[in-house]
Amino acid sequence: MSEFRKAKTRIRVSSGESVRIMRELQELSQNQLAEAAGIPQSTISAIERERINLGVERAKVLARALKCHPAVLVFPGWDASAESAA
């Protein structure tokens with residue numbers, strides 16, 4: 001155990017970046033995600049560029065379309081082991 005090295009710091013990801021990452025991992029264009037979620041493509045673009053807030057309701061809709069939990073989009077950098085939810 002004397003050779004234990006602390007892991008590098010995780011990168012910080014914003015909500016908009018999280019939406020983009022999840023979309024790209026599923027090989028979806030903004031237009032395809034917009035159609036699946038029923039949200040205008042311009043809104044998805046603005047979310048990804050952090051021009052407008054994601055918000056809980058949009059996160060729910062996008063999470064359904066991206067087949068992930070809304071927390072993945074709303075709290076992408078949250079470390080459960082280091083932070084308390086209460």
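**Exercise 1. How many helices and how many strands are there in the protein chain?**

*Solution.* The structure under study is a predicted model.
Step 1. Counting the elements gives five helices and zero strands.
Step 2. Read from the N terminus on, the order of the elements is α-α-α-α-α.

**Exercise 2. Describe how the protein chain is buried, exposed and held in contact.**

*Solution.*
Step 1. The protein chain has 86 residues, of which 28% count as buried.
Step 2. The area that the protein chain exposes is about 6,500 Å², and 52% of this area is supplied by carbon and sulfur atoms.
Step 3. Consider next the contacts with a separation of 6 or more: residues 24 or more positions apart account for 52% of them.

**Exercise 3. Which element holds both Arg20 and Glu24, and how many residues apart are they?**

*Solution.*
Step 1. Both residues belong to helix α1, which covers residues 15-25.
Step 2. They are four residues apart, about one turn of the helix.
Step 3. Their side chains form a salt bridge, with a distance of 3.1 Å from N to O. In general, side chains of opposite charge can pair when their charged atoms come close.
Step 4. Buried means under 20% relative accessible area and exposed means over 50%. Arg20 has a relative accessible area of 30%, so this residue is partly exposed. The value for Glu24 is 41%, and therefore Glu24 is partly exposed.

**Exercise 4. Determine the salt bridges of Arg23 and the parts of the chain that one of them ties together.**

*Solution.*
Step 1. Arg23 forms a salt bridge with Glu24, where the closest N and O atoms are 4.0 Å apart.
Step 2. Arg23 also forms a salt bridge with Glu48; here the closest N and O atoms are 2.7 Å apart.
Step 3. Arg23 lies in helix α1, whereas Glu48 lies in helix α3 (residues 41-48), so this pair ties together parts that are 25 residues apart in sequence.
Step 4. The relative accessible area of Arg23 is 9%, so Arg23 is buried. Glu48 is buried as well.

**Exercise 5. Which residues are linked in a network of salt bridges?**

*Solution.*
Step 1. The structure holds four salt bridges. Among them are the pairs Arg20 with Glu24, Arg23 with Glu24, and Arg23 with Glu48.
Step 2. Glu24 takes part in a salt bridge with Arg20 and in another with Arg23.
Step 3. Arg23 in turn pairs with Glu48. The network of salt bridges thus links Arg20, Arg23, Glu24 and Glu48.

How values were computed: Residues are numbered from 1 along each chain as its sequence is written. This is a predicted model: local features need pLDDT of at least 70, side-chain atom pairs count only at pLDDT 80 or more; totals for chains, interfaces and linings use all residues. Side-chain values use heavy atoms; hydrogens and water are left out. Helices (H or I, at least four residues) and strands (E, at least two) are DSSP runs, numbered from the N terminus. Buried means under 20% relative accessible area, exposed over 50%, partly exposed in between (1.4 Å probe, protein chains only). Contact means heavy atoms within 4.5 Å. Accessible areas come from the Shrake-Rupley method with a 1.4 Å probe; for residues, only the protein chains shown count as cover.
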